[in-house]
Amino acid sequence: MSTVLLVEDDERLRRALALTLRARGYTVTDVATGREALAEASHRKLDAIVLDLGLPDLDGLEVIRRVRESSALPIVVLSARRDESDKVQALDAGADDYMTKPFGVDELLARLRAAVRRSGRGEDQRVVATPDFTIDLGRKTLTDRSLAPIHLTPTEWGVLETLVRANGLLVTSADLLSEVWGPGYEEQTNYLRVYVGQLRRKIEPDVTRPRYLLTTPGIGYRFDASGATPTSA
Ligand code: CA
């Protein structure tokens, strides 16, 4: 069960969201100002923050920056500001996701789940060793056989981590896309081809014969930690 801090000064919206989140099993602390939000964030154990940008006291961007000084807590921003520049500012300040009002509650729930999952709080802390590299899910690191770090972009890491967490099971392209990129990206299979290609160049001993990141054509991808030589179909 996850604990969410909900920061929204519109009382009707705050109540409705708090009610919905509680109905979905979240523990919710709801506040109406930036100062209350910072106070709660500093002393309460939280799994995520849902933050309205337009607050009566502090600007939501300021709240994000201050939270980021001490915490990597996932922050999903709600905003009536539609400008691309506002979105970029919020993401630059350290928000994990951005939703423009009005939004659907189901979409908020999906994005919140994805943000909490990406942050991996209290979840899967395993270290998965393969013959060629080691993935530490808790520390979010990848090292080669000589323990040298292999650097991944956040998106590459997201793809790899999602596949590793699936424990060898096939992950459909749609699930992978919505997990890493968020709801609404399920059709963008070209993204996956690009990022899986990049990942393979970094981790596969032979990019032309993948052993770890396996494609099931037209369906999805699977991670095989054994790195066994693939049998030709
Ligand atoms: Ca507001």
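This passage describes a calcium site, a helix and a small sheet in a predicted model. Local features were taken at pLDDT of at least 70 and side-chain atom pairs only at pLDDT 80 or more, while totals for chains, interfaces and linings use all residues. Residues are numbered from 1 along each chain as its sequence is written, and side-chain values use heavy atoms, without hydrogens or water.

The calcium ion has as its protein donors Asp-9 (OD), Asp-52 (OD) and Gly-54 (O), at 2.2 to 2.3 Å. Donors are N, O and S atoms within 2.8 Å of the metal (3.2 Å for Na, K and Ca); water is not among the atoms, so sites may look incomplete. In sequence the donor residues follow the spacing D-x42-D-x1-G.

We turn next to helix α7 (residues 173–180), where Ser-173, Leu-176, Leu-177, Glu-179 and Val-180 are buried. Buried means under 20% relative accessible area, exposed over 50% and partly exposed in between (1.4 Å probe, protein chains only). Helices (H or I, at least four residues) and strands (E, at least two) are DSSP runs, numbered from the N terminus. After α7 comes Gly-182, with a positive phi near 110°.

An open sheet of 3 strands, ordered β9-β11-β10, shows antiparallel pairing; two strands pair if DSSP finds at least two bridges between them. Because β9 and β10 (213–216) are at the edges, each with a single partner strand, one side of each lacks a neighbour in the sheet. The antiparallel strands β9 and β11 are joined by 2 bridges, and Val-171 lies opposite Tyr-221 in β11.
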